[in-house]
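Colleague: I am new to this one. Can we go through it in short questions?

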Amino acid sequence: MKRIFRDTCILAALMILSVFSVSIIWVGMTDEIRLVIRLFSLSFIIALVNYFLDEYTSLPILGCYAVKYITATGIVMLFGFIAGWFYKSNFWMAFIYVGIVLVLAYFVDVIKTKKDIEFINSRIRNKK
């Protein structure tokens with residue numbers, strides 16, 4: 001199931017990029033295409049920062065999620081102010097958006113971790 005979900009996300013991203021590439025060539029840059037490109041860019045930046053946080057910090061799981069939440073919210077706010085998504089009056093929305101995504105990512109991580117534990121335990125049982 002994990003592989004199907006991962007492959008679906010990769011395929012969807014490739015489809016979006018392909019369709020938008022053709023649209024850019026024929027129609028030009030539209031607001032929708034700019035939004036998706038900005039979201040992909042923002043996702044890449046957050047994924048890169050999360051990678052470095054995972055590699056260079058050794059916090060407990062809750063501390064790690066707290067640092068990732070604060071960091072991702074800061075990046076989203078900065079990116080949002082630059083892109084014009086947020087204004088000084090509604091910057092708090094970044095906390096909500098990042099919170100929703102972080103909760104979803106947490107559940108995916110929990111499911112992935114449980115599956116990995118089950119796989120490792122089954123391999124250990126098979127070796128005995």
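Colleague: In which helix is Ala66 found?
Modeller: Keep in mind that this is a predicted model. Helices are numbered from the N terminus. On that numbering, Ala66 is found in helix α3.

Colleague: Is Ala66 buried, partly exposed or exposed?
Modeller: Buried means under 20% relative accessible area, and exposed means over 50%. Ala66 has 36% relative accessibility, so this residue counts as partly exposed.

Colleague: What separates the C-alpha atoms of Ala66 and Phe107?
Modeller: Along the chain, Ala66 and Phe107 are 41 residues apart. In space, their C-alpha atoms are separated by 15 Å.

Colleague: Where does Cys64 lie, and which residues does Cys64 touch, not counting residues up to four places away in sequence?
Modeller: Cys64 lies in helix α3. Leaving out residues up to four places away in sequence, Cys64 touches Asp54 and Leu59.

Colleague: Is Cys64 buried or exposed?
Modeller: The cut-off for buried is under 20% relative accessible area. Cys64 has 14% relative accessibility, so Cys64 counts as buried.

Colleague: And how does Cys9 count, buried, partly exposed or exposed?
Modeller: The class between buried and exposed runs from 20% to 50%. Cys9 has 39% relative accessibility, so Cys9 counts as partly exposed.

Colleague: How many disulfides does the structure hold?
Modeller: A disulfide needs a pair of cysteine sulfur atoms within 2.5 Å. The number of disulfides in this structure is 0.

Colleague: Where does Val27 lie, and is Val27 buried or exposed?
Modeller: Val27 lies in the loop between α1 and α2. Its relative accessibility is 66%, so Val27 counts as exposed.

Colleague: How many residues has the largest nonpolar core, and which helix gives the largest share?
Modeller: The largest nonpolar core has 10 residues, among them Leu42, Ile75, Phe79 and Val98. In this core, α2, α3 and α4 each supply at least two residues. The largest share is 5 residues, and they come from α3.

Colleague: Which residues does Leu42 touch, not counting residues up to four places away in sequence?
Modeller: Leu42 belongs to the largest nonpolar core. Leaving out residues up to four places away in sequence, Leu42 touches Ile75, Val76, Phe79 and Trp85.

Colleague: What volume does the largest pocket have?
Modeller: Rolling a probe the size of a water molecule over the atoms shows where empty space is left. For the largest pocket, the volume is about 1,700 Å³.

Colleague: Which helix gives the largest share of the lining of the largest pocket?
Modeller: The lining has 37 residues, and Asn50, Val101, Leu104, Ala105 and Val108 lie nearest the centre of the pocket. Helices α1, α2, α3 and α4 each supply at least two residues of the lining. The largest share, 12 residues, comes from α4.

Colleague: How many residues of that lining are nonpolar?
Modeller: The lining residues fall into three classes. Polar residues number 2 and charged residues 8. The nonpolar residues number 27.

Key: Residues are numbered from 1 along each chain as its sequence is written. This is a predicted model: local features need pLDDT of at least 70, side-chain atom pairs count only at pLDDT 80 or more; totals for chains, interfaces and linings use all residues. Side-chain values use heavy atoms; hydrogens and water are left out. On a 1 Å grid over the protein atoms alone, a cavity is a set of points where a 1.4 Å probe fits but cannot get out, and a pocket is an open set with protein on both sides within 12 Å along at least five of seven lines; lining residues have an atom within 4 Å of a point. Grid points are joined across faces, edges and corners, and a volume is the space filled by probe spheres set on the points. Ala, Val, Leu, Ile, Met, Phe, Trp, Tyr, Cys and Pro count as nonpolar, Asp, Glu, Lys and Arg as charged, and the others, Gly among them, as polar. Buried means under 20% relative accessible area, exposed over 50%, partly exposed in between (1.4 Å probe, protein chains only). A nonpolar core is a set of buried Ala, Val, Leu, Ile, Met, Phe, Trp, Tyr and Cys residues joined through side-chain atoms within 4.5 Å. Contact means heavy atoms within 4.5 Å.
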